[in-house]
Protein chains: 2
Amino acid sequence: MADDLDPIFKALSDSTRRQILDYLKGHPRLTGEIVNQFPEMSRFAVMKHVDVLREVGLVVTRTNGRERINSLNAVPIRLIYERWLHPFSDYWATALLGIKQVSETELPTDPTTLKEP
Amino acid sequence: MADDLDPIFKALSDSTRRQILDYLKGHPRLTGEIVNQFPEMSRFAVMKHVDVLREVGLVVTRTNGRERINSLNAVPIRLIYERWLHPFSDYWATALLGIKQVSETELPTDPTTLKEP
DNA sequence: TTTTTATGTTACCTTTTAGTTACATAATAA
DNA sequence: TTATTATGTAACTAAAAGGTAACATAAAAA
């Protein structure tokens, strides 16, 4: 019953994993660097979170000697957006205007113009 | 540790709940109508999913006699998009171009232009 | 060579989640 | 009034998720 977006949604549903993805913005990080971002959590717990992200392709890891360099791959996030989130933009627009139903001909709202209502 | 987006992400992490939200697009539905969409699942299981959606504000319910009319509220989805997903659009763009890092001065990509790459 | 360090693995525990059956209530229809 | 039906609640189970401590390995540094 679970569609192919499901593993990505599941991976994103944990706050620690979202923080890891935030941390990987900008540049790749060693596994140990990621671990050190979460001093209140065991190393293994953090590594398992990274594993989950790697399994769904949100993190790509390459090995260099004994180091493992983890980088962000945001393409699955884009997939979530395009295939599931974006179609709802029609409906969040109507909510703001107090309109109940959406005309079929209405164009999708440009989300960049809605930053601060 | 969990931010305020966390309950929304958690609510969206279940495939059945996402299907319910999809079903509520267009027009509101009675609780029983939602239940009938999932004949392989018990009525109570579906109702609990609706409860979860209602708790995070993704579904709004009003009572009319013994009927309960449930409608979609996409504003929390918008919040997820603006506060968490959209900032990653810089990075999925670079992935497509094979570029490793993003310039600080680059403007956010307009997601509406990325519908069909 | 010996030690350090970056990373991986095994085994286990606890809480949460998703699901079930069975029972209860209250508004409408017959 | 009686029966039906739309919805809600109680109590429980099974599996998945998130976490820990302890042990293992292999590359690099001393």
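These exercises walk through a sheet in chain A and the protein surfaces around two DNA strands.

The model is predicted: local features need pLDDT of at least 70, side-chain atom pairs count only at pLDDT 80 or more, and totals for chains, interfaces and linings use all residues. Residues are numbered from 1 along each chain, chains are lettered from A in the order in which they are written, and side-chain values use heavy atoms, with hydrogens and water left out.

**Exercise 1. Work out the strand order of the sheet in chain A and place helix H4 against it.**

Step 1. Fix the terms. Helices (H or I, at least four residues) and strands (E, at least two) are DSSP runs, numbered from the N terminus. Two strands pair if DSSP finds at least two bridges between them.

Step 2. Read the order. The 3 strands of this open sheet in chain A run E1-E3-E2, with antiparallel pairing. Strand E1 (29-30) and strand E2 (59-64) of chain A are the edges, and each pairs on one side only.

Step 3. Check one pairing. E1(A) and strand E3 (residues 67-72) of chain A are joined by 2 bridges. Arg29(A) sits opposite Asn70(A) in E3(A).

Step 4. Add the helix. Helix H4 (residues 43-55) of chain A lies across E2 and E3 of chain A, at about 110° to E2(A). That angle is taken between N-to-C directions, on a scale from 0 to 180 degrees, using lines fitted to C-alpha atoms.

**Exercise 2. Describe the protein surface near DNA strand C.**

Step 1. Find the neighbours. A residue is near a strand if one of its heavy atoms lies within 4 Å of it. There are 20 residues around DNA strand C, and among those that come nearest are Arg43(A) and Lys48(B).

Step 2. List polar contacts (pairs of N or O atoms within 3.5 Å). A side-chain N or O atom of Arg43(A) is 2.4 Å from a base oxygen of DNA strand C. A backbone N or O atom of Gly32(A) lies 2.6 Å from a phosphate oxygen of this strand.

Step 3. Name the main contributor. H4(B) gives the most to this surface near DNA strand C, with 4 residues.

**Exercise 3. Do likewise for DNA strand D.**

Step 1. Find the neighbours. Of the 20 residues around DNA strand D, those that come nearest include His49(A) and Arg68(B).

Step 2. List contacts. A polar side-chain atom of Arg66(A) is 2.8 Å from a base nitrogen of DNA strand D. A polar backbone atom of Gly32(B) lies 2.5 Å from a phosphate oxygen of DNA strand D.

Step 3. Name the main contributor. H4(A) supplies the largest share of the surface near DNA strand D, 4 residues.

Definitions and conventions. Contact means heavy atoms within 4.5 Å. A polar contact is a pair of N or O atoms within 3.5 Å; within protein, one must be able to donate a hydrogen and the other to accept it, and residues adjacent in sequence count only if both atoms are side-chain atoms.
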